[in-house]
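Here is a short report on domains, salt bridges and pockets. Please keep the structure open while reading.

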Amino acid sequence: MDGVDLAYLRTADGAVAVAAADRLALTEGSLLSDVATVRGLAGAHAPAVIEQVRARRRAAAKLGDVDGWLLTDEAVQQATPSAVAEHRARRLAWLSVHDVTCSIGAELRALVQVCPRVVGSDLDPLRARMAAHNVPRALVYVADALTPTSTADVVIADPARRSGGRRIVDPEQCSPALSALREAYAGRSLAVKTAPGIDYHGLRSAATDPFQGEVEIVSLDGGVREACLWSGPVAVPGLTRATVLRAGGGGYEVFSSDAHDVDAEPAGKYLVEPDGAVIRAGLVRHYAARHGLWQLDPHIAYLTGDAVPAGERGFEILDVAKFSEKSLRAELRRRDVGSVEILTRGAGVDPDVLRKKLKLEGSQPMTVVITRIGRQVIAYLTRPTR
C-alpha cells in the first residue's frame, strides 16, 4: 500500500469498495472471482481494498472493534493487544503520554480514554497517517523516536523486534536500541516494550549503565505477550512484576517485593503450574506463598498444595511413579486411557514423540505431568480441575 491507496481508502468511494469487499468470502477457493469483483469497484486500488478487509478480520480478535480503521497486515501483527494497551493506560491515567512508535494507533486508542493529552509519532509517514485517521483524538505526526518532540509526562516506545523474519530478543538489537532510547529520554518516565524472553537479569547486572528501573512481564489469556521496561519517576526502582490479564476482565499481579518463604516438599493433593508471566518473571515462589502452595523441587516451576487457587487450572494427583515409557504405557492401558495430555518440565521428554509411542486405544482421558524432582524423573497421573 502507498499514499495514493491510502488517500483512496479515505474517500467515500473507497469506503463503499471496502464495505462491498467485506461481504465476500476472500478464501483461497473464492479469491480469483472475488478479486475480479473488487477490481470492478476499485480498479488499481483493489489490492489495498482486499488488504483492508483481511487485516480488519485478523485484527478483530486482537484489537476489538476496528470498523473504519486503516490497517496493514504487518502492522496488525505487530500491534499491542487491546487488553494489554488498556492495562498500561490505566497505570498512566491522568498523565500526558507520547507514544513515539505509534504505528497504526493501537496503544493510542487506549490512552485517549484516560489520559488528558496523548501524542503519537512514527517514522513511517504512512503509518502516522493511519494512526491520525484511526485515533483522531490524539495528536499524531511524523518524527524519529530518538528525537524528543514533546514534553509529555511519559514516553512509550515499542522498538521493532523482527529482522529478516527473525525475532529479536536482545533489546540492543532492536530498532531503536534500548540504550539509545534511555539516553534520548534520560530523566523522564519511559516505558519500553520488548520481547518477553528478555534477559532482564543481565540488564540489571550489566557492567556499564545497568538497568535500575522496573521490569514488567505481561501475559494475556495464558500467553506471555511482552516485557515492559519502566524507568524514571513512573517506575518502582528494582521491582519485577508479573501481570496476568484476561481478555474478559480480571487477572492479577505478583511482585518481587511479595513474601516468598517457600520450601520444596512432597506433593500435596494437586499440582499447579503458574501462569507464564509469573514463571518468566521469576516469581514462582512469590505466587506459591500467596496461595499456600509449595514447590516440588527448587528448580522446577510446578507447584503443589491441597487446594487450587480460585480461577486457576490445577491437576488432581491420582498416582505417582518414577517415569519410564514402558511402565507409563502399561499403567495408562490398565486405566483404559485413550487420549492423554502430556505436560513436562526439566525432564527432557518430547510430549508429541511420547504420545505416539504410547499407542493408547482406551476410552478415558488423562493428563500426565512429567518433571524432574532432584535427580529422578517422576510421572504424575492427574485429572484436570477444569
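Ala, Val, Leu, Ile, Met, Phe, Trp, Tyr, Cys and Pro count here as nonpolar, Asp, Glu, Lys and Arg as charged, and the others, Gly among them, as polar. By that scheme, the lining of the largest pocket holds 19 nonpolar, eight polar and 16 charged residues. The model is predicted.

**Domains**

The protein has three parts: domain 1 (3-56), domain 2 (78-255) and domain 3 (270-384). The centres of domain 1 and domain 3, taken over C-alpha atoms, are separated by 49 Å.

**Pockets**

The largest pocket encloses about 1300 Å³ of space. It is lined by 43 residues, and those closest to its centre are Gln-78, Asp-158, Pro-159, Ala-160 and Arg-161. Helix α5 (73-78), α7 and β9 (223-231) each give two or more residues to this lining. The largest share, four residues, comes from α5.

The second largest pocket holds about 260 Å³. Which domains supply its lining? At least three residues come from each of domain 2 (78-255) and domain 3 (270-384). Residues of this lining include Asp-221, Arg-246, Glu-273, Asp-275, Glu-312, Arg-313 and Arg-386. By class, the lining has three nonpolar, two polar and seven charged residues.

**Salt bridges**

The whole structure contains 23 salt bridges. Three of them are set out below.

| Pair | Closest N to O distance |
|---|---|
| Glu-107 and Lys-193 | 2.6 Å |
| Glu-214 and Arg-241 | 2.8 Å |
| Lys-357 and Glu-325 | 4.0 Å |

Take the salt bridge of Glu-107 with Lys-193. Glu-107 sits in helix α7 (residues 106-111) and Lys-193 in strand β7 (residues 189-194), 86 residues apart. Both Glu-107 and Lys-193 are buried. They also belong to a salt-bridge network with Arg-88, Asp-158, Arg-161 and Glu-226. Asp-158 and Arg-161 of that network are also among the residues closest to the centre of the largest pocket.

Next comes the salt bridge of Glu-214 with Arg-241. This pair links strand β8 (residues 214-220), which holds Glu-214, to strand β10 (residues 240-245), which holds Arg-241, across 27 residues. Are these two residues buried or exposed? Both Glu-214 and Arg-241 are buried.

Finally, the side chains of Lys-357 and Glu-325 meet in a salt bridge. Lys-357 lies in helix α14 (residues 351-358) and Glu-325 in helix α13 (residues 325-334), so the pair ties together parts 32 residues apart in sequence. Lys-357 has 42% relative accessibility, so it counts as partly exposed. Glu-325 is partly exposed too, with a relative accessible area of 28%.

Conventions
Residues are numbered from 1 along each chain as its sequence is written. This is a predicted model: local features need pLDDT of at least 70, side-chain atom pairs count only at pLDDT 80 or more; totals for chains, interfaces and linings use all residues. Side-chain values use heavy atoms; hydrogens and water are left out. Domain bounds come from an automatic or database domain assignment. Buried means under 20% relative accessible area, exposed over 50%, partly exposed in between (1.4 Å probe, protein chains only). On a 1 Å grid over the protein atoms alone, a cavity is a set of points where a 1.4 Å probe fits but cannot get out, and a pocket is an open set with protein on both sides within 12 Å along at least five of seven lines; lining residues have an atom within 4 Å of a point. Grid points are joined across faces, edges and corners, and a volume is the space filled by probe spheres set on the points.
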